[in-house]
Structures are given as structure tokens and as C-alpha cells.
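Good morning, everyone, and thank you for making the time. I would like to walk you through one protein chain, slowly, and I will pause for a few questions on the way.

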Amino acid sequence: MNLTETNILPFNPISEEYRVDIFDITPEMAEYILTNHNKDNRKIVKSQVNKIAKSIRTDGWLEDGQPLTFNTDGNITEFQHRLLAILETGITARTIVVTGVTPACFSRCAPAKPRKAEDEIQRKDKTATQSEVST
């Protein structure tokens with residue numbers, strides 16, 4: 001870990017060890033991560049950042065279990081939009097941080113199933129049929 005990271009981050013994002021910790025991510029840390037550890041990620045979608053920032057302003061930071069992940073090269077693989085929302089709202093967010101993620105997992109792992117309105121209905125009412133949900 002270089003001197004700058006020890007002054008800003010309480011962990012080393014470049015690691016071969018698969019490790020899980022919890023840290024409070026400040027706006028300063030979010031900016032540092034985005035500037036120095038976001039070299040291999042998708043394009044930023046401003047509407048996604050806006051949705052997250054709106055959610056933070058409405059409900060606060062929700063501890064949803066979704067981690068900030070760094071691959072073994074030290075690049076983030078998940079969380080860039082949330083980091084931008086942390087910057088935009090100025091909050092400090094208690095977050096799971098995972099280091100040592102396999103770099104190829106971004107393109108090789110199946111993505112999570114997108115959530116839809118019917119998922120929320122069927123989560124609450126297991127007897128709701130697809131036709132009832134779509135009505």
C-alpha cells in the first residue's frame with residue numbers, strides 16, 4: 001500500500017487475499033477510490049447515480065449487504081455508482097468491503113436477477129399468480 005492510501009483508506013485495495021471487512025466510506029475515500037481504483041469498469045450512468053442519491057436523501061443509507069468489491073488488481077468491480085452518490089450527497093456510508101476478487105468474475109459470473117414490481121408483490125404474497133401480479 002502506498003503512503004497516500006494509508007492516509008485515506010483503512011485497507012489495501014490491491015490484494016491477492018479474498019477478504020471481507022466493514023468500513024465507513026467517507027466522501028473523501030469515495031473520491032480517492034473512483035480516481036485511483038476505477039480503471040476497469042462500465043460507463044457511468046448518471047440516471048443510476050441520481051436514483052441512488054435520491055434514495056439516500058429519502059431513506060438514508062440502507063445497509064443492504066451489497067459490497068464494495070476490489071479485484072486482485074485493486075480495481076472496483078461493483079459500487080461505482082454508489083460511490084458517486086456518496087460524493088453527491090456528502091454522507092459517510094457503513095459498507096462491506098471485499099478485496100481479492102477474481103478479475104474475470106465481472107464477465108464470467110451470471111448477473112443478479114433484476115428486481116421488478118412483481119417480485120415485491122410475490123415476495124409478500126407467495127400465492128399471487130403472474131396474471132394477478134400483472135393486473
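Before we count anything, a word on terms: the helices and strands I mention are DSSP runs, with at least four residues for a helix and at least two for a strand, and they are numbered from the N terminus. Please also keep in mind that what you see is a predicted model.

With those terms, the protein chain has seven helices and four strands, and if we read along the sequence, they follow one another in the pattern α-β-α-α-β-β-α-β-α-α-α. The C-alpha trace spans about 60 × 35 × 25 Å along its principal axes, and of the 135 residues in the chain, 33% count as buried. If we take the contacts with a separation of 6 or more, 77% of them are accounted for by residues 24 or more positions apart.

Let us turn to the sheet. In what order do the four strands of the open sheet lie? The order is 1-4-2-3, and the pairing is mixed. Strand 1 and strand 3 are found at the edges with a single partner strand each, so each of them has one side without a neighbour in the sheet. On average, and with direction ignored, neighbouring strands of this sheet are turned by 35° against each other.

Two helices that pack on this sheet deserve a look. Helix 2 touches strand 1, strand 2 and strand 3 as it packs there, and its direction makes about 125° with that of strand 1. Helix 4 also packs on the sheet, touching strand 1, strand 2, strand 3 and strand 4, and its direction makes about 95° with that of strand 3.

Now let me stay for a moment with strand 2, whose two faces are both covered, since L68 and F70 on one side and T69 and N71 on the other are all buried. What are the partners of this strand? Strand 2 runs parallel to strand 4, to which it is joined by three bridges, and it runs antiparallel to strand 3, to which it is joined by two bridges. T69 is a helpful residue to point at here, as it stands opposite V98 in strand 4 and also opposite E78 in strand 3. The hairpin of strand 2 and strand 3 has four residues between the strands, and within that hairpin G74 takes a positive phi near 90°.

From the strands we move to helix 4, which covers residues 80-89 and whose buried residues are Q80, H81, R82, L83, A85 and I86. Which elements help to cover those buried residues? The cover includes helix 2 and helix 3, together with strand 1, strand 2, strand 3 and strand 4. Just after helix 4 comes G90, which takes a positive phi of about 75°.

I would like to take the two helix neighbours of helix 4 in turn, beginning with helix 3. Helix 3 and helix 4 pack with their axes 8 Å apart and at an angle of about 55°, which means that helix 3 is oblique to helix 4. Their crossing is right-handed. On the helix 3 side, the residues that meet helix 4 are K46, Q48, V49, N50, I52, A53, I56 and R57, and on the helix 4 side they are H81, R82, L84, A85, E88 and T89. By class, the residues of this contact divide into six nonpolar, four polar and four charged.

The other neighbour is helix 2, whose axis comes within 8 Å of that of helix 4, the two crossing at roughly 140°; that angle makes helix 2 oblique to helix 4. Is this crossing left-handed or right-handed? The crossing of helix 2 and helix 4 is left-handed. Helix 2 contributes P27, A30, E31, I33 and L34 to the contact, while helix 4 contributes Q80, L83, L84, I86 and L87. The contact of helix 2 with helix 4 has eight nonpolar, one polar and one charged residues.

Finally, let me pick out one single residue, S55, which is found in helix 3. Is S55 buried, exposed or partly exposed? Its relative accessibility is 31%, and therefore S55 counts as partly exposed, because that class lies between the cut-offs of 20% for buried and 50% for exposed. The C-alpha atoms of S55 and Q130 are separated by 28 Å, and these residues are 75 residues apart along the chain.

How values were computed. Residues are numbered from 1 along each chain as its sequence is written. This is a predicted model: local features need pLDDT of at least 70, side-chain atom pairs count only at pLDDT 80 or more; totals for chains, interfaces and linings use all residues. Side-chain values use heavy atoms; hydrogens and water are left out. Buried means under 20% relative accessible area, exposed over 50%, partly exposed in between (1.4 Å probe, protein chains only). Contact means heavy atoms within 4.5 Å. Axes are lines fitted to C-alpha atoms, for helices over the stretch in contact, and angles run from 0 to 180 degrees between N-to-C directions. Angles under 35 degrees count as roughly parallel, over 145 as roughly antiparallel, 65 to 115 as roughly perpendicular and the rest as oblique. A crossing is left-handed if the near helix is turned anticlockwise from the far one by less than a right angle, and right-handed if clockwise. Ala, Val, Leu, Ile, Met, Phe, Trp, Tyr, Cys and Pro count as nonpolar, Asp, Glu, Lys and Arg as charged, and the others, Gly among them, as polar. Two strands pair if DSSP finds at least two bridges between them.
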